[in-house]
Amino acid sequence: MESKVTIIGGGLAGSAAALELVARDIPVVLREMRPNKMTPAHSTGELAEPVCSNSFGSMRNFSANGLLMSEMELLGCELLQIAKSNAVPAGQALAVDRLGFSSAVTKSLEQNPNIELKRGEITKIPRDTIVILASGPLTSDALMADIKSIAGCDGLYFFDATSPTVTLESLDMSRAFWANRRDPDGDDYLNCPLEIDEFNLFHKALADAERVDIKDFEPDKLFESCLPIEIIAMRDSEAMRFGPMKPVGLSHPETGEKYYAIVQLRREDKEGRHLNLVGFQTRLKYPEQKRIFSMIPALKDAKFVRYGHMHKNFFMDAPKLLDEYLRLKSDSNIFTAGQVTGGEGYLEAIAQGTCAGINVARIINEKEPILFPKETILGSFASSLINFEGKSFQPMKVNFGMVPPLEKRIRGRRERREKLAERSLDILSKFIADNNLA
Ligand SMILES: Cc1cc2nc3c(=O)[nH]c(=O)nc-3n(C[C@H](O)[C@H](O)[C@H](O)COP(=O)(O)OP(=O)(O)OC[C@H]3O[C@@H](n4cnc5c(N)ncnc54)[C@H](O)[C@@H]3O)c2cc1C
């Protein structure tokens, strides 16, 4: 068997796995098809490119995402460190300078003598080496066909969309203000208010707008926690005001004025030149995006540097196809990580890549792979994927429902979650020390 580990896909999961392996002196061949062959959502050839939002989610321990971040910090996850060094202000969330982050990851991987980076599409999974399959939701068709033939089952899919980005310089700042609803002194979001009449016109235009026809599109295969804004608009105008256009906690910092609805924009780069419309993922036709989003008063002359678009996202039927270490049941030399496992989200992909790297390193060093404790988000996430018993398996993000309850019941939600976080980090610290992981 080939001594180097092959990682297929230099996205978030693949890059995290590569950094984890070389930190343990294991040589890696990293196969990435971009820029030779692009996916429909990536826009550069850089590794670990976040395809849509530039946020890795909340850093607060009383959110499952924040706890996962703390767990990965305990493990010394290098990719997370790179994200933190490229952070842009985003309140309690960790958001990154998109290009700064992915260029730093690319540089770190390219410069590592233990990593051989090969560009070009992989159409067949090598069978003479240990593989980490991290080709993501936009896995190329040829590779998807090979995965199906090895795993012995069809892949699943759902539809997901990205949101547009505009330049700060093109916005009407007399109709916008910087503030953060969770921090009275914060200025992390650019808030673009709409009065009731403006909102009603905007809502109607959005609900009636022309959408792109997508081959094989099935509305029941939309990802419920990331719905296109026009679908939310079609359901109900209040769904918009209670969702992405929520005005709660936001008043003008100078005048104290409150608003009927607000669109929030988040910085995409350290200089804050580009801003992404938060929660405005869409599959409207591009001219429609320009026409309708320019109805937001601050965006009336906005220059769009990127429009939103929708894609079919591949994932595997984890409960049927994967074992407890997220290896293919049909070939235990093939580990999986990232969205191919049905785990949804940037941070989740980094976490799975890190875990796959740790386990592959252990196998190469002739040790048993490990399962993270069930009280941790790391451990409970993997087991929730493979032990799913519902009717139809759908991609999952991490959540506190995955971990076992506390022995003593605590009433307040935040206090309960803080205790769950404390328990997880205590158990994980001991587990890391016992298994010599950090
Ligand atoms: C359109 C879209 C928007 C999303 N928005 C968000 C969001 O805002 N926030 C969030 O948390 N999650 C989002 N996700 C979900 C998802 O978790 C992220 O896409 C995340 O990047 C997945 O990480 P990954 O490493 O599994 O895949 P990726 O980061 O996509 O990495 C996979 C890599 O494999 C490469 N590849 C594919 N096929 C081959 C091949 N045959 N040979 C060689 N290389 C190949 C690709 O080029 C890519 O670089 C989104 C997904 C999509 C598709």
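These are my notebook entries on what I looked up in this predicted model.

**Entry 1: domains**

I began with how the chain is cut up. The protein chain splits into domain 1, covering 5-160 + 313-434, and domain 2, covering 165-308. I took the C-alpha centres of the two domains and got a separation of 29 Å. Domain 1 puts 20 residues into the contact, and domain 2 puts in 18 residues.

Next I asked which elements give two or more residues to the side of domain 1 that touches domain 2. They are α4 (98-110) and β8 (156-161). Of the contributors on that side, β8 gives the most, with four residues. By class, I noted ten nonpolar, six polar and four charged residues on the domain 1 side.

**Entry 2: the ligand shell**

Then I turned to the ligand. I find 37 residues around the ligand, and the closest are G9, G11, C52, G136 and G338. Four elements give two or more residues to this shell: α1 (12-23), β2 (28-32), β15 (310-315) and α11 (346-364). The largest share comes from α1, which supplies three residues. I also sorted the shell by class: 17 residues are polar, 14 are nonpolar and six are charged.

**Entry 3: the mixed sheet**

Since α1 and β2 both turned up in the ligand shell, I looked at the sheet that holds β2. Six strands make an open sheet with mixed pairing, and I read the order as β6-β2-β1-β7-β17-β16. At the edges I have β6 (115-119) and β16, each pairing on one side only.

I zoomed in on β2 and β6. These two run parallel and are joined by five bridges. Opposite L30 I find L117, in β6. Helix α1 packs on this sheet and touches β1 (5-8), β2, β6 and β7 (131-133). I noted about 165° between the direction of α1 and that of β2.

**Entry 4: the antiparallel sheet**

There is another open sheet to write down. It has six strands in the order β10-β11-β12-β13-β9-β14, and the pairing is antiparallel. Why is one side of β10 and of β14 left without a neighbour in the sheet? Both β10 (177-179) and β14 (304-306) stand at the edges with a single partner strand each, so one side of each has no neighbour there. From one strand to the next, the twist averages 40°.

I checked the β14 end of the order. Strand β9 (residues 165-167) pairs with β14 in the antiparallel sense, over two bridges. V166 has F304 as its bridge partner in β14.

**Entry 5: L194**

I picked one residue from strand β11 (residues 189-194), namely L194. Is L194 buried or exposed? I count 24 other C-beta atoms within 10 Å, and because the cut-off for buried is 20 or more, L194 is buried.

Which residues does L194 contact once its neighbours within four places in sequence are set aside? My list is F199, F202, Y259, Y260, A261, I296 and P297. For a long-range check I took L194 against K408. They are 214 residues apart in sequence, and C-alpha to C-alpha they are 46 Å apart in space.

**Entry 6: backbone oddities**

Last, I went through the backbone torsions. The peptide bond joining R34 and P35 is cis, with omega at about 0°. P35 has its place in the loop between β2 and β3 (55-58).

A48 lies in the loop between β2 and β3 as well. A48 is not a glycine, yet its phi is positive, at about 55°. I then checked its surroundings: A48 counts as buried because it has 30 C-beta neighbours inside 10 Å.

L326 gave me another positive phi in a residue other than glycine, near 65°. I located L326 in the loop between α10 (318-321) and β16 (327-328). L326 also counts as buried, with 29 C-beta neighbours inside 10 Å. I wrote β16 down earlier as an edge strand of the mixed sheet, so I'm cross-referencing that entry here.

Technical notes:
Residues numbered from 1 in each chain as written. Predicted model: local features only at pLDDT ≥ 70, side-chain atom pairs only at ≥ 80, totals over all residues. Near = placed C-beta within 6 Å. Nonpolar A, V, L, I, M, F, W, Y, C, P; charged D, E, K, R; others polar. Buried ≥ 20, exposed ≤ 12 C-beta atoms within 10 Å, placed from the backbone. Contact = placed C-beta atoms within 7 Å. Pairing = 2+ DSSP bridges. Axes fitted to C-alpha atoms, helices over the stretch in contact; angles between N-to-C directions. Domains from an automatic or database assignment.
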